[in-house]
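The exercises below are meant to be worked with the model open beside the page. Try each task before reading the solution that follows it.

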Amino acid sequence: MRFLAKIGNIVWKDLVAEFRTKEMISAMMIFSVLVIVMFAFAFKPVGDTIKAVSPGIIWVAFTFSGILGLNRSFVNEKQNETLTGLMLTPVDRTAIYFGKVITNFIIMAVTEAISLPLFFIMFDYGLAGSILHLILIIFLGTLGFVSIGTFLAALSANTRASEILLPIILFPILVPLMIGAVQSTAMIFDQKAFAEFAGWVKLLAVYDIIFLVVPFILFDYVLEV
Amino acid sequence: MLKPSKTQTLLGWVTFIVTMFALYMTFIYAPMEKVMGVVQKIFYFHVASAWNAFFAFFIVFVASIAYLLNKNEKWDTIAKVSAEIGVVFTTIVLVTGPIWGHAAWGRWWTWEPRLTTTLILWFIYLAYVLVRASSIEGEKKATMAAVFGIIGFIDVPIVFFAIRWWGSLAHPEVVTGSGGGLDPRMLHALITSVIAFTCIYFYLLTQGILIERTEARVKSIKNQLRERNN
Amino acid sequence: MHIKPGEFVSVLGPNGAGKTTLLKILTLLAPPSEGQVYIDGRKASQEQLTLRKKMGVISHNTFLYANLTAYENLLFYGRMYDVPELKNRVKEVISEVGLQYSLNDPVRTFSRGMQQRLAIARAIIHNPDILFLDEPYTGLDQHAIKILNQVLSSLTNQDRTIYLITHNFEQGLNMSDRIIILVKGKIACEMPGKDLTLEDLQETYLKCVGEK
């Protein structure tokens with residue numbers, strides 16, 4: 001129980017700091033909406049086009065704004081070397097990993113919860129498919145994103161140009177997640193039955209598990225002083 | 001330059017002979033394909049390079065794990081050199097693929113699974129190289145690169161399955177069961193090419209490691225001189 | 001290297017001598033390339049978590065979260081160290097460093113001296129047996145220096161072990177039982193701290209460093 005409580009402590013600390021300044025979450029939300037608007041200019045937002053491109057637009061908006069938040073989750077800990085302070089405390093270093101994953105997940109979820117409805121409103125596009133299925137896909141996709149994303153953010157935080165390095169090392173790894181998330185979302189918008197995209201759900205679930213377990217095993221190496 | 005060992009020189013000669021043989025097999029022994037003519041021969045180099053592109057990354061994966069387990073620099077060197085060679089082979093695949101594709105189906109790029117996975121592999125290699133080029137000091141850099149090498153390699157099969165399910169133009173099945181669809185002589189040429197390219201890979205690997213070690217020696221001598229003068 | 005319980009050790013040495021690296025090893029942040037660390041007779045590599053509870057670290061970096069208040073910072077670290085009766089303990093340490101009126105102010109509004117004082121509170125909140133200090137006097141104002149010295153002498157009176165890395169000979173001299181000089185990764189010289197004059201120390205230091 002103590003381990004979980006300490007993870008909770010880390011999450012609490014990060015969320016208090018974030019919601020006091022709101023600097024990251026506001027940037028993420030604005031960026032997410034901005035991306036969606038840019039796409040509106042890139043593709044004419046009419047009927048069939050929207051249907052075809054909206055799953056992609058949504059996930060691109062989520063991942064691009066998500067990366068802003070990921071980067072910050074470890075760069076923030078460089079100020080006053082708080083990361084060292086954390087590593088001195090009597091808790092397994094993986095608590096830091098899980099704490100950051102949870103924090104990033106929460107912040108991303110909030111961003112998504114606000115930008116997704118905005119998307120539907122801006123494009124006058126009603127959600128025809130099952131909202132529960134959509135939530136499941138967004139949950140699995142976001143979880144996979146923050147799991148490997150937090151891990152690689154910790155890795156790139158060791159460099160000086162972490163904002164440049166992180167997208168380059170993260171996006172190739174995210175390819176299966178993106179494909180799975182976009183395909184399932186498209187099928188949900190098309191009101192397909194769950195059985196039809198269950199395969200993609202399985203892919204997302206497997207991806208999530210692998211990229212939670214492997215970072216968990218390797219996290220100590222990424223924090224080496 | 002540090003002297004290559006006897007095995008390395010032997011490897012060099014073996015590689016040369018096998019490659020010459022493979023060239024013979026490709027251009028003379030294997031029959032000309034009806035439709036595409038001589039351009040089809042690029043297929044032998046394409047497949048051989050593809051095999052090595054992924055094999056090189058597998059070596060990066062193994063060397064990365066070995067490095068994390070015992071922090072011996074030699075594993076880091078192997079990973080580094082293998083990655084450099086892998087980038088080259090991957091690039092060859094990405095260049096020969098479209099050339100062959102255009103000759104065979106009239107399209108430069110189709111999003112077929114194997115080629116697309118190779119494209120993603122190329123980006124993962126690039127990311128790996130960028131991690132190595134970044135501003136991390138010394139031993140930490142080797143650790144970070146090793147960690148990314150492991151993550152990258154684990155991702156590749158998942159990428160392949162995802163892209164395959166995503167669906168696209170089918171790559172004409174080249175080698176199925178008893179080698180159907182291919183003239184047996186073509187199959188022989190193909191296997192010889194793969195072996196030849198693998199020899200090239202190992203030869204380049206040993207040469208690259210030799211160069212890295214020479215560089216390290218020079219650096220340490222420079223450091224010793226610097227300390228002595230202070 | 002042996003440090004006795006309750007001993008006050010000062011570590012001096014030129015830049016690049018390895019003082020920080022040694023500190024990282026002693027505070028269990030990094031493993032030694034050779035040999036083992038034992039704390040309280042226990043092997044550090046196997047009992048990391050329990051042993052970390054016994055250590056407090058004050059560095060020239062404060063390890064404080066700038067956007068959190070002093071209270072939140074202490075609460076956070078107190079919980080990480082499983083400090084019993086945390087709220088009372090927070091009140092105790094914050095008074096000891098004289099920051100009780102700034103308890104609910106965000107740390108980024110603090111001056112350097114105030115931040116370092118809060119860092120002291122953070123480092124001792126869990127009553128560590130051993131306190132490590134890495135050039136803690138850097139950039140401190142007089143008030144903060146006074147408080148740091150007060151805390152150090154009170155800890156010495158409670159028989160805590162103190163390990164101080166410093167460039168300032170006078171501070172190293174004042175309270176140390178033993179002075180260690182590190183040169184190029186090795187212990188070059190050692191001498192008892194009591195009854196040592198400043199001139200003696202400076203002479204020995206120059207000789208010690210110049211030799212290698």
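**Exercise 1.** Which pattern does chain B follow when it is read along the sequence?

*Solution.* The coordinates come from a predicted model. Read from its start, chain B gives the pattern α-α-α-α-α-α, and the count agrees with this reading, since chain B has 6 helices and 0 strands.

**Exercise 2.** Compare the expected span of helix α3 of chain B with the distance between its end C-alpha atoms.

*Solution.* Begin with the extent of the helix, which covers residues 73–105 of chain B and so holds 33 residues. Next, apply the rise of 1.5 Å a residue, taken over one less than the number of residues, which gives an expected span of 48 Å for α3 of chain B. Finally, set this against the model, where the end C-alpha atoms are 47 Å apart, so that the two values agree. Just after the helix comes B:Gly106, which has a positive phi, near 80°.

**Exercise 3.** What radius of gyration would a compact globule with the 212 residues of chain C have, and what value does chain C have?

*Solution.* The rule multiplies 2.2 Å by the number of residues to the power 0.38, and for 212 residues the result is near 17 Å. Chain C has a radius of gyration of 17 Å, which agrees with a compact globule. Its C-alpha atoms fill a box of roughly 50 × 40 × 30 Å along the principal axes, and 40% of the residues of chain C count as buried.

How values were computed
Residues numbered from 1 in each chain as written. Chains lettered and ligands numbered in written order. Predicted model: local features only at pLDDT ≥ 70, side-chain atom pairs only at ≥ 80, totals over all residues. Helix = DSSP H or I, 4+ residues; strand = E, 2+ residues; numbered from the N terminus. Buried ≥ 20, exposed ≤ 12 C-beta atoms within 10 Å, placed from the backbone.
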